[in-house]
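Let's walk through this structure together, one part at a time. Keep the 3D view open and turn it as you read.

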Amino acid sequence: MSVLTYRDALNQALREEMTRDNRVFLMGEEVGVYQGAYKVSRGLLEEFGPMRVVDTPITELGFAGVGVGAAMVGLRPVIEFMTWNFALLAIDQIVNSAAKMLYMSGGQIPMPIVFRGPGGAALMLAAQHSQSFEAWYANVPGLKVVTPATPADAKGLLKSAIRDDNPVIFIEGEMLYNTKGEVPEGEHVIPLGVADVKREGKDVTLVSHAKMVAVALKAAEELEKDGISAEVIDLRTLRPLDAATITASVRKTNRCVVVEEGWPVAGFGAQIVDEIQRAAFDDLDAPVLRVTGADVPMPYNRHLEKLAKPDAAKVVQAARQVLYLPTL
Amino acid sequence: MTDAAAAPAPDKKPAKEADALRRMLRDMLLIRRFEEKSGEAYALGKIGGFCHLYIGQEAVAVGTMAVLRPDDYVLASYREHGQALARGMTARAVMAELFGKATGCSGGKGGSMHLFDVSKNFLGGHAIVGGHIPLVTGVAFAIKYREGDQVAVAFFGEAAVNNGAFHEALNMAALWRLPAIFICENNRYGMGTALERASAIYDVAQRACSYDMPAEVVDGMDVLAVRDAVARAAHRARDRYTPTLLEIRTYRFMGHSMSDPIHGHYRTKDEVDEMRARDPILTFAEKLRADGILDDERWQAMEADVVDEVADAVRFADESPEPGPEALATDVYRA
């Protein structure tokens with residue numbers, strides 16, 4: 001076990017999987033000579049050469065399609081999007097080509113491909129660079145959606161994603177790349193579809209994923225000061241969803257707040273609420289509340305941006321509400 | 001020929017070539033009769049959804065497949081019944097797929113626009129215009145990655161070349177020197193929009209200049225011209241990882257899909273008749289007669305044989321089972 005940044009944990013996963021299987025290659029903008037826009041691919045070009053660490057033109061639709069084509073004939077591409085905002089140009093390839101290739105070929109063509117890159121807002125990057133799209137992809141049958149929150153999960157989940165025979169949407173966080181944590185060396189593989197209880201508690205369940213796990217954990221610390229014990233669930237994978245872990249927690253705490261960075265309308269949190277009301281209706285002591293990004297394009301101004309983002313204070317207020325405590 | 005005359009043993013080459021030419025004629029005729037039956041079956045409600053017939057364009061698929069090796073790869077658009085048959089997929093498997101049956105080449109889950117047969121390296125029928133062109137660049141990338149000498153072939157219509165996917169795919173194929181052949185079947189109309197109403201330049205082949213890529217304009221009503229052009233492109237791809245854009249000028253004799261009349265508001269009956277006079281099958285049959293390779297007896301036998309094969313395919317499709325309800329949720333994910 002060593003302490004690594006989230007960025008280096010991803011780098012380690014890529015290096016290990018490329019060493020393990022020569023069908024795995026990395027393709028995207030600036031992944032090679034530049035060493036990665038966020039340095040996730042640092043050193044890989046030197047180690048694996050230009051056929052396996054491929055710099056592309058700025059052509060998201062095109063290189064996403066190149067990845068799909070290569071996967072159709074048995075390679076295992078890892079396609080890096082500089083950010084998921086740019087992947088909107090490639091969504092036709094992700095949804096129309098990758099997600100349904102196995103199905104529309106009657107099971108003949110598996111699609112072992114990973115699309116990865118940072119999602120969500122960073123700081124003051126404004127409307128076109130500050131978006132969370134995991135709910136869009138989670139809506140599509142045929143895709144898996146993974147959103148690691150910690151360095152250890154980033155490594156273990158990326159290794160699983162690369163070994164998976166299905167298209168995996170792997171959404172990292174710009175603000176997470178520098179975060180540090182203990183990461184097991186070598187063969188550390190976390191199965192997709194298994195949530196993780198990041199903090200145990202008994203009074204209220206906070207469901208979160210990706211960057212919002214840290215927000216929920218911070219909120220749990222604040223709540224503890226008032227004697228409230230919050231359980232924090234990190235979904236880790238949105239599709240397939242580990243509904244059982246959520247339900248078990250809600251049955252214990254009887255109250256739940258769902259935290260997500262994305263927009264509220266048809267957001268992923270709505271899916272969680274649906275799971276809970278069907279599986280644990282009689283266990284609920286209060287309606288489930290959601291803390292989401294504001295229903296607006298992201299503003300540039302730092303004060304407005306702060307208002308638009310979920311934070312620990314907003315989660316604390318929601319938790320107090322489901323506990324029928326006065327809000328602060 | 002003087003060498004052959006001087007040779008002690010008879011040269012087998014001309015006989016073999018004659019067989020190959022008759023085979024090409026038969027392949028084209030099979031597509032024609034298959035598509036005519038598809039049209040009938042559609043009218044009877046046995047084929048649903050969209051159905052885009054290949055009648056008139058047979059020389060493009062057959063001339064191309066005559067060059068390709070079994071280990072080469074083919075991807076096509078949604079007007080791909082002809083390519084699938086020319087690639088050697090059985091009329092039964094293709095017709096059964098059009099009927100949506102479990103015995104279809106995609107298990108009844110793909111339909112007319114998504115024909116697949118991995119055993120023939122026929123990697124689909126794709127139905128977003130231009131969307132599969134980057135996939136072909138990706139297949140070609142995989143060939144080079146493995147240091148292979150196969151080629152990856154894309155079939156698409158001229159309407160796809162105004163689309164970003166086309167540009168992005170060709171740019172990368174040329175930039176990275178990948179063994180791809182981009183076959184633009186220029187049938188003049190993207191649905192009801194004539195080429196000159198959609199593209200700022202008339203010659204699709206000129207677009208290759210943007211990528212410093214070899215290109216040719218080919219007469220798509222002449223199966224041998226297609227074969228020769230594809231052979232040159234395949235040689236460039238196998239020999240030195242060079243992609244090619246072929247603009248193959250052809251014509252669809254039928255409407256865009258089954259809901260479109262043969263000539264609607266966008267083209268005249270005269271134009272259709274003029275192109276029908278250049279029917280690629282009849283023209284080729286006449287040439288083979290003139291060359292002494294085909295006679296009435298062989299032609300009639302070929303026709304009867306093809307009609308039987310198509311009738312058998314329809315019977316097979318009719319009698320095949322529907323996919324069971326358990327098929328609904330299989331193949332969404334690979335376990």
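Chain B makes a good starting point: it has 12 helices and 8 strands. Please bear in mind that this is a predicted model. The C-alpha atoms of chain B fill a box of roughly 70 × 50 × 50 Å along the principal axes. How does the radius of gyration of chain B fit with that of a compact globule? For 335 residues, such a globule would have a radius of gyration near 20 Å, and chain B agrees because its own value is 20 Å. Of the 335 residues of this chain, 52% count as buried. If you take the contacts in chain B with a separation of 6 or more, 75% of them come from residues 24 or more positions apart.

Now turn to the place where the two chains meet. Here 31 residues of chain A are in contact with 32 residues of chain B. On the chain A side, the elements that give two or more residues are α3 (60–72), α4 (91–98) and α5 (101–104) of chain A. Of these, α3(A) gives the most, with 9 residues. What kinds of residues make up the side of chain A that touches chain B? They divide into 15 nonpolar, 14 polar and 2 charged.

Next, look inside chain A for its sheets. One is an open sheet of 7 strands in the order β3-β2-β4-β5-β7-β6-β12, with mixed pairing. Its edge strands are β3 (53–55) and β12 (237–239) of chain A, each of which pairs on one side only. On average, neighbouring strands of this sheet are turned by 20° against each other, direction ignored. At the β3 edge, strand β2 (residues 24–28) of chain A runs parallel to β3(A), and 3 bridges join the two. To find this spot, look for M27(A), which stands opposite V54(A) in β3(A).

Another open sheet of chain A has 5 strands, in the order β9-β11-β10-β13-β14, again with mixed pairing. Here the edge strands are β9 (196–199) and β14 (289–291) of chain A, each pairing on one side only. Neighbouring strands in this sheet are turned by 25° against each other on average, direction ignored. Strand β13 (residues 256–259) of chain A pairs with β14(A) in the parallel sense over 3 bridges. Within that pairing, V259(A) has V291(A) in β14(A) as its bridge partner. Helix α8 (residues 212–225) of chain A lies across β9, β10 (204–208), β11 (230–234) and β13 of chain A, and runs at about 175° to β11(A).

Finally, some backbone details are worth a visit. Most residues other than glycine have a negative phi, and most peptide bonds are trans. R236(A), however, has a positive phi of about 65° although it is not a glycine. This residue lies in the loop between β11 and β12 of chain A. Is R236(A) buried or exposed? It counts as buried, because the cut-off is 20 or more other C-beta atoms within 10 Å and R236(A) has 26. A little further along, the peptide bond from R239(A) to P240(A) is cis, with omega near 0°. P240(A) has its place in the loop between β12 and α9 (243–253) of chain A.

Chain B offers a positive phi too: that of D331(B), a residue other than glycine, is near 70°. You will find D331(B) in the segment after α12 (296–319) of chain B. With 22 C-beta neighbours inside 10 Å, D331(B) also counts as buried.

How values were computed: Residues are numbered from 1 along each chain as its sequence is written. Chains are lettered from A and ligands numbered from 1 in the order in which they are written. This is a predicted model: local features need pLDDT of at least 70, side-chain atom pairs count only at pLDDT 80 or more; totals for chains, interfaces and linings use all residues. Two residues are in contact if their C-beta atoms, placed from the backbone, lie within 7 Å. Helices (H or I, at least four residues) and strands (E, at least two) are DSSP runs, numbered from the N terminus. Ala, Val, Leu, Ile, Met, Phe, Trp, Tyr, Cys and Pro count as nonpolar, Asp, Glu, Lys and Arg as charged, and the others, Gly among them, as polar. Two strands pair if DSSP finds at least two bridges between them. Axes are lines fitted to C-alpha atoms, for helices over the stretch in contact, and angles run from 0 to 180 degrees between N-to-C directions. The radius of gyration is taken over C-alpha atoms; the globule rule is 2.2 Å times the number of residues to the power 0.38. A residue is buried if 20 or more other C-beta atoms lie within 10 Å of its own, exposed if 12 or fewer, and partly exposed in between; C-beta atoms are placed from the backbone.
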